[in-house]
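Here's a quick tour of a few spots worth a look in this structure. Keep the viewer open as you read.

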Amino acid sequence: MVSTPADGDAPSTLALSDGRAGNARQALALARALAPFADEHVLVPKAPWRWLAPRRCPGDAHAFGPGFTSLLSAPPALAVGCGRQAALATRLLRGRGTRVVQVLDPRLPARHWDIVVAPEHDGLAGDNVITLAGSLHPVDDAWLHRARDEAPEFAALPSPRIAVLVGGPSGRAGFEVADFDALMADVAAMAAREGGSLMLVASRRTPDAVRAALRTWAAPGVPVRAWAGTGDGHNPYAGMLAWADRIACTADSVNMLSEACATRAPVFVHRPEAMRGRPRRFVDALLARGRVRPLEAGAAPFDAVPLRETARVAAEVRRRLAASRGQVGTP
């Protein structure tokens, strides 16, 4: 059973990450799917251990400063980590009796953790490995309902409302102003053809030149709401996902695509053929299952079934941990 921790008590379930948005979001999403009152701890890695993580080396109990040292003295019952630094932290906590779940391929044998959760496109396998399509996140019907309530301003936009999620260059593909212009030409044609509107949002990866183009983008007869960065006020990303009738997304971010595919809106991917490596394998899997389609000016809407893996993964984590020892979370 899950219980609310008393003030001052150590949390029974803890999410660990280096604070990077993608890692923090995945760790916390799974931790709170297991235990709604799970807390989170942002690691502050110290040299030389941060260079070697997740490998163990002498003195690594001090790898993350006094805050983490205190956790080792009063360890939680369960820790969920995401990312390379967290993989060392969860190893250390496991040595103090904590059950640990590591998200993403730790690049060491999975036996160092109780459970490893890895995306299918990583190609990791093992008796204690759980695979999923894409990434972990909190997007479900309740999350979308709250996001709609918190962003009522999008209700006035004409339908179909098309959310445009703009990423940026990565090691697997570039994304510059010319690419943004091509993306916008397709979504503008889609909106104009059906009398719809556009909701544009940048991400942390978006280059400054693309942000500037996004902030000032306009087309005759197409209502637009745009957010290019913190200078534009509160990030409306959640509200845009919640109000979207359709979603157009760049192919560079597995997290962004996973969250788009968790809605009930059809998702169109800009230039999926340009992506390489593991993200390309994820996009290809989405195309194969019909959850996304390539973005084209004449692309038509299609029926979409939400792709939501967090609840399934949490149930499997709970089952495996309960089978080996004790109970975690609620059935």
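## Two helices side by side

In this predicted model, start with helix α3 (residues 65–73) and helix α4 (residues 84–94), whose axes come within 9 Å and cross at roughly 30 degrees. Angles under 35 degrees count as roughly parallel, so α3 and α4 are roughly parallel to each other. As for handedness, the crossing of α3 past α4 is right-handed.

Which residues make the contact? On the α3 side you'll find Phe68, Leu71 and Leu72, and they meet Ala89, Leu92 and Leu93 of α4. Sorted by class, that contact has 6 nonpolar residues, with no polar and no charged ones.

## The six-stranded sheet

Now swing over to the open sheet of 6 strands, with parallel pairing and the order β9-β8-β7-β10-β11-β12. Which strands stand at the edges? Those are β9 (224–227) and β12 (292–294); each has a single partner strand, so one side of each is left without a neighbour in the sheet. From one strand to the next, the twist averages 20 degrees.

Zoom in on the β12 end. Strand β11 (residues 267–270) runs parallel to β12, and 3 bridges join them. Look for Val269 here, standing opposite Pro294 in β12.

## Helices across the sheet

Two helices lying across strands of this sheet are worth picking out. Helix α6 (residues 177–194) lies across β7 (161–166), β8 (197–202), β10 (246–250) and β11, and runs at about 175 degrees to β7. Since angles over 145 degrees count as roughly antiparallel, α6 is roughly antiparallel to β7.

Helix α7 (residues 208–216) lies across β7, β8 and β9. Its angle to β8 is about 155 degrees, so by that cut-off α7 and β8 are roughly antiparallel too.

## A closer look at Cys249

Finally, click on Cys249, which sits in strand β10. Is Cys249 buried or exposed? With 0% relative accessibility, Cys249 counts as buried, the cut-off for that being under 20%.

What does Cys249 touch, leaving aside residues up to four places away in sequence? The list is Leu165, Met256, Leu257, Phe268, Val269 and His270. Val269 you've already met, opposite Pro294 in β12. There's also a C-alpha distance to check: Cys249 and Val267 are 18 residues apart along the chain, and their C-alpha atoms are separated by 7.2 Å.

Note on methods. Residues are numbered from 1 along each chain as its sequence is written. This is a predicted model: local features need pLDDT of at least 70, side-chain atom pairs count only at pLDDT 80 or more; totals for chains, interfaces and linings use all residues. Side-chain values use heavy atoms; hydrogens and water are left out. Axes are lines fitted to C-alpha atoms, for helices over the stretch in contact, and angles run from 0 to 180 degrees between N-to-C directions. Helices (H or I, at least four residues) and strands (E, at least two) are DSSP runs, numbered from the N terminus. Angles under 35 degrees count as roughly parallel, over 145 as roughly antiparallel, 65 to 115 as roughly perpendicular and the rest as oblique. A crossing is left-handed if the near helix is turned anticlockwise from the far one by less than a right angle, and right-handed if clockwise. Contact means heavy atoms within 4.5 Å. Ala, Val, Leu, Ile, Met, Phe, Trp, Tyr, Cys and Pro count as nonpolar, Asp, Glu, Lys and Arg as charged, and the others, Gly among them, as polar. Two strands pair if DSSP finds at least two bridges between them. Buried means under 20% relative accessible area, exposed over 50%, partly exposed in between (1.4 Å probe, protein chains only).
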